[in-house]
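Please open the model in your viewer, keep the sequence panel beside it, and follow the selections below in order.

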Amino acid sequence: AILKVCYPSMFCKEMGNTVSLCTMLVGRTMLSIFLATTQGRAAQALVEGDRPAFIRSMQWFALTSVPASLCNSGIKYCTAVLSLRFQRRLTDRLNRQYITGVNFYKATELPEFRIDNVDQRVTTDVEEFCDQGTEMFCNIFKPTLDVVLHTTYLVRDVGIYGPVVLAAYFALAVAAKLLCTPNFKRMVKRRSELVGNYRTAHSRL
């Protein structure tokens, strides 16, 4: 339901912004692979004492750093714009439902329908939800793309054994991390609840 609000149609501005963000994430991954390859060639040329090859690698590295920086800035910009567009869609939808009929009275006065900290839920919580949602999309899409492309290149260059060992290592590291880290979901929920209660109590003073 929330996705339908954020993406009302296939040709909305949010969809175009998402496509642009995905394109920049793919471009950033390809640039990262090219930079890693260039660094490897530069190290090889340095070890072999091939000065012309080393200079060429450094030139390519310097030229590639410019579009890489622009791509990083573009990713941050598209992420921020997408979050703002989502926030506007959700805020408009919530405000329309909030002031329709007697919904405002139900949410603030009737115990069976009452919503705690309504002012925070329709402002701060919506903003944080949109920011974290767009960041989560980037944090899922980019690493997945990195794993697929880097694994493809590793298999082509060193065979299947190397990627399998790396995958097993990261799987063990993730398992150990999940066992050691606390429940951040519950902590974030509790933090949001406490902030809302504090804001409501402060407004009633």
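Begin by selecting Gly49, which comes just after α2 and takes a positive phi of about 75°; helices here (H or I, at least four residues) are DSSP runs, numbered from the N terminus. This is a predicted model, in which local features need pLDDT of at least 70 and side-chain atom pairs count only at pLDDT 80 or more, while totals for chains, interfaces and linings use all residues. Residues are numbered from 1 along each chain as its sequence is written, and side-chain values use heavy atoms, with hydrogens and water left out.

Next, select α2 itself and compare its length with expectation. The expected span of a helix is 1.5 Å times one less than its number of residues, so the 36 residues of α2 should cover 52 Å, and this agrees with the 52 Å between its end C-alpha atoms.

Now zoom out to the whole protein chain, which has eight helices and zero strands. Of its 205 residues, 23% count as buried, where buried means under 20% relative accessible area, exposed means over 50% and partly exposed lies in between (1.4 Å probe, protein chains only). Contacts (heavy atoms within 4.5 Å) with a separation of 6 or more come, for 74% of them, from residues 24 or more positions apart.

For the interior, select Leu21, Leu25, Ile75, Phe86, Leu90 and Cys130, which touch the most other members of the 15-residue largest nonpolar core. Such a core is a set of buried Ala, Val, Leu, Ile, Met, Phe, Trp, Tyr and Cys residues joined through side-chain atoms within 4.5 Å. The elements giving two or more residues to this core are α1 (2–6), α2 (13–48), α3 (51–98) and α6 (124–158), and the largest share, seven residues, comes from α3.

Which residues does Ile75 touch, not counting those up to four places away in sequence? Display its surroundings, and you should find Leu21, Met24, Leu25 and Arg28.

Then step along to Lys76, whose place is in helix α3. Lys76 is exposed, with a relative accessible area of 65%, and its C-alpha atom is separated by 9.0 Å from that of Leu21, although these two residues are 55 residues apart along the chain.

Finally, select Ser73, also found in helix α3, which counts as partly exposed because its relative accessibility is 47%. Draw a distance from the C-alpha atom of Ser73 to that of Met24, 49 residues away along the chain, and the separation is 9.8 Å.
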